[in-house]
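Good morning, and thank you for joining. My topic today is empty space within a protein and at its surface.

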Amino acid sequence: MAKVTSKDGTLIAYEKSGSGFRVILVDGALCSRDFGPMPKLSALLSEHFTVINYDRRGRNESGDTQPYAAEREIEDIAALIEEAGGSAYVYGISSGAALSLAAAARGINIPKLALYEPPFEVPGITDGAPKDMLPQLKTMVAEDRRGDAVKYFMKVVGVPSFGIFMMTLLPIWKKLKAVAHTLPYDITILDGFALPEDRARAIKVPTLIAGGTKTLERIKLSVKRLSELIPDNQFKMLEGQTHNVSAKALAPVLIEFFKG
């Protein structure tokens, strides 16, 4: 494990594996470089690339300088790219995909961008996130109701009540509560969940936009709409996959895109 200093002085922990051109992996909510989908994906991609898997700020071994702003997380990605040699491909999932999109639109040196299911909402969708989701989460975190914050978030994103209950009985629950204070960060990045059409149109690099055929309908609509907005893109729906995409299903798609 190594650390890089972001623009505001925050130390961002990361690990590097493999060889070849650099690929930075950007997690979604509640995950870190050693918990969630990225460890398995990193192992598969490192056979072809130098993979940089990092802890987003506030998670695991990265710092959490306050006050929080989404811009700081863009600066974290920029610092990692600079540390890696000045340019890197970027793959992001869920809120991490929204963050990756924002970083690429800012003009950071990202020659290729890959996004899996950023959970934006398109106009006309009425079953999306509650409008008061951010203040609700901030209140729960401020009151140290970490478990409540995780349960609330899980319910909003579509996890069944029984599934949430089962999680509370497993060792995973302790890890989820440990990063519950970063849930408002993800919602801040999503900025009301509205699909950022101007930002999408501003992307100037080849982009892979991917989703799963068994994911929520509103997310299918989101990724489809992104494919209509980003000028130079490949659009792929992975058969049988949900928001919790399998690394074995995703890795070949990323390898083909980044090497293409």
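**Pockets, a cavity and a surface patch**

The largest pocket has a volume of about 930 Å³. Please keep in mind that the model on the screen is a predicted one.

Let me stay with this pocket. Its lining comprises 36 residues, and those that lie nearest the centre are Ala-29, Met-154, Val-157, His-243 and Asn-244. Which helices each supply at least two residues of the lining of the largest pocket? They are helix 5 (146-156), helix 7, helix 8 (183-190) and helix 10 (217-229). As for chemical class, 23 of the lining residues of the largest pocket are nonpolar, nine are polar and four are charged.

I turn to the second largest pocket, which holds about 180 Å³ of space. This second pocket is lined by 14 residues, and Ala-70, Ala-102, Ile-189, Asp-191 and Arg-199 are the closest to its centre. Two or more lining residues come from each of helix 2 (70-84), helix 3 (95-105) and helix 8. Helix 8 therefore deserves a second look on your screens, as an element named for the largest pocket and also for the second largest. The lining of the second largest pocket divides by class into nine nonpolar residues, one polar residue and four charged residues.

Next, the enclosed space. Rolling a probe the size of a water molecule over the atoms shows where empty space is left. How many cavities of 30 Å³ or more does a search of the whole structure find? The search finds one, and the volume of this largest cavity is about 40 Å³. Its lining is made up of Pro-37, Met-38, Leu-41, Tyr-91, Ile-93, Val-245, Ala-247 and Leu-250. At least two of the lining residues are supplied by each of helix 1 (38-45), strand 5 (89-93) and helix 11 (247-259). By class, the cavity lining has eight nonpolar residues, with no polar and no charged ones.

Finally, the surface. A nonpolar patch there is formed by Phe-162, Phe-165, Met-166, Leu-169 and Leu-170, which together have about 530 Å² of accessible area. Within this patch, Leu-169 is placed in the loop between helix 6 (161-168) and helix 7 (172-178). Is Leu-169 buried or exposed? Leu-169 counts as exposed because its relative accessible area is 53%, and the cut-off for that term is over 50%.

That brings me to the end of the presentation, and I welcome your comments.

Conventions: Residues are numbered from 1 along each chain as its sequence is written. This is a predicted model: local features need pLDDT of at least 70, side-chain atom pairs count only at pLDDT 80 or more; totals for chains, interfaces and linings use all residues. Side-chain values use heavy atoms; hydrogens and water are left out. Patches are made of residues with over 30% relative accessible area and no salt bridge: like charges are joined within 9 Å, nonpolar side chains (Val, Leu, Ile, Met, Phe, Trp, Tyr) within 5 Å. Accessible areas come from the Shrake-Rupley method with a 1.4 Å probe; for residues, only the protein chains shown count as cover. A salt bridge is a side-chain nitrogen of Lys or Arg within 4 Å of a carboxyl oxygen of Asp or Glu. Helices (H or I, at least four residues) and strands (E, at least two) are DSSP runs, numbered from the N terminus. Buried means under 20% relative accessible area, exposed over 50%, partly exposed in between (1.4 Å probe, protein chains only). On a 1 Å grid over the protein atoms alone, a cavity is a set of points where a 1.4 Å probe fits but cannot get out, and a pocket is an open set with protein on both sides within 12 Å along at least five of seven lines; lining residues have an atom within 4 Å of a point. Grid points are joined across faces, edges and corners, and a volume is the space filled by probe spheres set on the points. Ala, Val, Leu, Ile, Met, Phe, Trp, Tyr, Cys and Pro count as nonpolar, Asp, Glu, Lys and Arg as charged, and the others, Gly among them, as polar.
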